[in-house]
Amino acid sequence: MRKRILSFALVMCFMMSLVPSVFASGNVEIKAAASPTSVAAGDTFTYTIKIGDPGSGVTLGGVDATVSYDNDKLECTSVVNGGAFATGDMPNGVAGVSVQNFDGTLCIRAVATVMDTYDLSKDFIVATFKVKDGATGNVSPVLEMKANGLFDDSYNDLPFTLSQASVSAGGVTPADPAKPTISVTGTYTYNGSEQAATVTGF
């Protein structure tokens with residue numbers, strides 16, 4: 001009986017020794033950044049999402065997220081794969097990135113579970129936004145994760161933290177007023193003859 005208890009205890013110790021390699025990594029940082037952060041109507045800015053390293057012993061399976069923006073103030077002109085995940089669609093779970101651009105929402109999903117193919121030193125998604133006429137104040141897109149939005153290769157939830165980007169618009173940038181041109185014409189006498197002269201300046 002004592003041998004059975006000892007054997008069971010040894011097995012449990014061995015199993016518990018495997019757990020820290022999975023959960024010791026802490027939260028995965030998911031960061032959004034914008035450049036520039038101060039814009040005017042007609043300007044464009046880039047919006048970049050980057051995913052941090054999940055840590056030793058954790059294999060990232062995929063991401064399911066949305067980026068919401070004010071469709072009255074911004075127009076999303078392009079969205080490209082930053083290279084962190086393989087390029088392509090995701091038929092039947094094949095590794096790749098899928099982005100759908102609805103009015104005011106980017107739906108982003110990436111899967112790496114088949115090939116475990118990802119490179120988190122690269123950007124996840126890079127979007128370009130154009131500021132519409134009349135837009136002022138806060139025009140920041142908002143990154144949100146769906147339920148089970150970050151998961152490992154066994155589809156288990158991974159803890160994460162979100163860092164949002166901040167972008168403000170100052171309306172239409174006034175053009176510099178044109179400087180007036182002043183021209184003065186007069187006459188003067190030189191060596192006994194009358195001469196005409198014109199002076200032009202600002």
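Buried means under 20% relative accessible area. Keep that cut-off handy for these exercises on a predicted model.

**Exercise 1**

Work out whether phenylalanine 129 is buried or exposed, then do the job again for phenylalanine 45 and tyrosine 69.

Solution. Start with phenylalanine 129: its relative accessibility is 0%, so it counts as buried. Next up, phenylalanine 45 comes in at 1%, so it is buried. Finally, tyrosine 69 has a relative accessible area of 9%, so this residue is buried too.

**Exercise 2**

A search of the whole structure turns up six aromatic pairs. Take the pair of phenylalanine 45 and phenylalanine 129, and find out how the rings are arranged and which strands they sit in.

Solution. First, check the distance: the ring centres are 5.5 Å apart, and the cut-off for a pair is within 6.5 Å. Then look at the planes: they make an angle of 25 degrees, so the pair is stacked. Now place the residues: phenylalanine 45 is in strand E3 and phenylalanine 129 in strand E8, so the pair ties together parts 84 residues apart in sequence.

**Exercise 3**

Classify the pair of tyrosine 69 and phenylalanine 129, using the angle between the planes.

Solution. Centre to centre, the rings are 5.0 Å apart. Over 60 degrees counts as edge-to-face, and these planes are at 65 degrees, which makes the pair edge-to-face. As for location, tyrosine 69 lies in the loop between strands E4 and E5, while phenylalanine 129 is in strand E8, so parts 60 residues apart in sequence get tied together.

Definitions and conventions:
Residues are numbered from 1 along each chain as its sequence is written. This is a predicted model: local features need pLDDT of at least 70, side-chain atom pairs count only at pLDDT 80 or more; totals for chains, interfaces and linings use all residues. Side-chain values use heavy atoms; hydrogens and water are left out. Rings of Phe, Tyr and Trp (its six-membered ring) pair if their centres lie within 6.5 Å; planes under 30 degrees apart count as stacked, over 60 as edge-to-face and the rest as tilted. Helices (H or I, at least four residues) and strands (E, at least two) are DSSP runs, numbered from the N terminus. Buried means under 20% relative accessible area, exposed over 50%, partly exposed in between (1.4 Å probe, protein chains only).
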